[in-house]
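Please open the model in a viewer and keep the sequence at hand. The tour proceeds by selection, with a short account of what is found at each stop.

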Amino acid sequence: MVFRKPPDGGWGWVIVLVSFFAQFLCYGSPLAVGVLYLEWLDAFGEGKGKTAWVGSLANGIGLLASPVCSICVSSFGARPVAIFSGFMVAGGLMMSSFAPNIYFLYVSYGIVVGLGCGLLYTATVTITCQYFDKRRGLALGLISTGSSVGLFIYAALQRELIELYGLDGCLLIVGALSLNILACGSLMRPLESSGPPPPEKTCVDKVPDQYFVFHEKGKTVEENISILEKGYIDEKCVNNVPDCKQDSILNKNVLSSINVNEKDTYKKKVVEQTNFCKQLAKRKWQLYLTYWKETMVLFKNKVFSALFVAILLFDIGGFPPSLLMEDVARSANINEDDYYMPLISIIGIMTTVGKLVLGILADFKWVNTLYLYVTTLLMTGVALFAIPFAKSYLTLAMLSGILGFLTGNWSIFPYVTTKTVGIEKLTHAYGILMFFAGLGNSLGPPIVGWFYDWTQEYDTAFYFSGFCVLLGGFLLLLAALPCWNACTNQSSKLPPNTYSYKVASSA
């Protein structure tokens, strides 16, 4: 299907608005899961590593399943998928309020809510890309801030709801709020196609279909012939009166041939369908072989190989603070009266600022986006090393703000990928990198939690996290230094805003 030219406005701004609120409602609770993490620790009495799996699954499973989410949006459309994702997120949150143990939460909150978030993200980005071309970067930047604003608000909201209604009541209310995703999804009107409507079948082509329809109803061959004769002759007489008699004779001959060779026709159709299935399977197998060949070619690129290691290590080490920072403050015996704002809320609002500032910097021609990304990785590693030395709310709040700002480097990651592999291989490469990012999101918090279970303190855990991020940054820097110019010359010279987000619809 060929869509008409993106309007770059009009109803597209409604799409941006509802996509913003949809991501706000969907990602608010999973990103601010650190508040719920404390309650689950007290409610189920499990280890920190085992409990951290809930939040890590909710944030990582959507990236891991991004290929499946893309197939769903391509097959059913953005609006049905967005509405279905609303049911998944709301249902998963409400089911979690009845969780008897931590294993139930793995499914209800981790998998169900996580898949719902992945489906909604793909749907919102896809339909936004359909409505915008010249302003696509601006539109996608606006909707992406919905998740960060959701983190900022939901951190305080969930804490307040827990104090008023308890953990179960909080999850029920948050789940009910997520039902508003259905209203947002219903407004995601698909862009109309510009291609001509498919041609209707001719009367002769309709004869076999009509014959089998009547045959399935159990009528005799004579009844089928008489009905078909009448319907076919009437239709041709209306459209072309002079040819009515001639078509009637032709129709009788066709029907007689069908009656005599019915079994041969059936066998022929079976053979044709069997050959079609074989050809389809062969074609799919060739596509899989081509995919893996292209993947191997990507990994021959030194910078891409280092980039995949860097994104994996960054998410293993950089994601846990957004989940565990509240527990870090509690472990440091910080008085709750000193809390002016939840630490997770600080991370959320500074992530929004970081996305905007880093995105603007990446638009300057004199800024090398790869080196800018490496700088954010190295600074994140240093900030993680500093967490064990923070013993007050003020220092933890400052580090939370720094980490939140640096986490906004997600906005420039598509730029870096494009500069590394070129615009032609962007979709393929970005899908691979997002899979490893989801893997890092899923593994990071449990690993940090297990370090605490073994050592009964967070110092070693965050030293490990900082080491992972620094290692990824240094590997990427070393890989980029000798071959950055070659990669730049081979890559496309299109302005960043025109290509950096095109792959988002398939992630």
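The stops below begin with the whole chain and then turn to individual helices, rings and loop residues.

**The whole chain**

Display the full chain as a cartoon, bearing in mind that this is a predicted model. The chain has 21 helices and zero strands. Colour it by accessibility: of its 507 residues, 49% count as buried. Among the contacts in the chain with a separation of 6 or more, 84% are made by residues 24 or more positions apart.

**Helices α2 and α6**

Select residues 33-44, which form helix α2, together with residues 102-131, which form helix α6. The two axes come within 11 Å and cross at roughly 155 degrees. Because angles over 145 degrees count as roughly antiparallel, α2 is described as roughly antiparallel to α6.

Now show side chains where the two helices meet. From α2, select V33, L36, W40 and F44; from α6, select I102, L105 and Y109. What is the character of the residues in this contact, nonpolar, polar or charged? Seven are nonpolar, with no polar and no charged residues in the contact of α2 with α6. As a reminder when viewing the spacing along a helix, an α-helix has 3.6 residues a turn, so residues three or four places apart point the same way.

**Charges over rings**

Select K48 and Y452 next. K48 lies over the face of Y452, at 4.6 Å from the ring centre. Then move to R189 and W11, where the charged end of R189 sits over the ring of W11, 4.2 Å from the centre of that ring.

**Aromatic pairs**

How many aromatic pairs does a search of the whole structure find? The search finds 13. A pair of aromatic rings is described by the distance of the centres and the angle of the planes.

Select F435 and F436, which form an edge-to-face pair with 5.6 Å centre to centre and 85 degrees between the planes. F435 is partly exposed, with a relative accessible area of 37%, whereas F436 is buried, at 18%. Add F308 to the selection: F308, F435 and F436 form one aromatic cluster.

Proceed to F451 and F464. This pair is tilted, with 5.0 Å centre to centre and 35 degrees between the planes. F451 lies in helix α19 (residues 426-455) and F464 in helix α20 (residues 459-490), so the pair ties together parts that are 13 residues apart in sequence. F451 is buried, with a relative accessible area of 17%, while F464 counts as partly exposed at 27% relative accessibility.

**The loop between α19 and α20**

Remain in this region and select Q456, in the loop between α19 and α20. Q456 has a positive phi of about 60 degrees although it is not a glycine. Is Q456 buried or exposed? At 53% relative accessibility, Q456 counts as exposed, because the exposed class begins over 50%.

**Helix α14 and the residue after it**

For the final stop, select residues 320-331, helix α14. This helix is mostly covered, with ten of its twelve residues buried. The buried residues include P320, P321, L323, L324, M325 and V328. Also among the buried residues of α14 are S322, E326 and D327. Finally, select N333, just after α14, which takes a positive phi of about 60 degrees.

Notes:
Residues numbered from 1 in each chain as written. Predicted model: local features only at pLDDT ≥ 70, side-chain atom pairs only at ≥ 80, totals over all residues. Heavy atoms only, no water. Axes fitted to C-alpha atoms, helices over the stretch in contact; angles between N-to-C directions. Helix = DSSP H or I, 4+ residues; strand = E, 2+ residues; numbered from the N terminus. Parallel < 35°, antiparallel > 145°, perpendicular 65-115°, else oblique. Contact = heavy atoms within 4.5 Å. Nonpolar A, V, L, I, M, F, W, Y, C, P; charged D, E, K, R; others polar. Phe/Tyr/Trp six-rings, centres within 6.5 Å; stacked < 30°, edge-to-face > 60°. Buried < 20%, exposed > 50% of the residue type's maximum accessible area, 1.4 Å probe, protein only. Lys NZ or Arg CZ within 6 Å of the ring centre and 35° of its normal.
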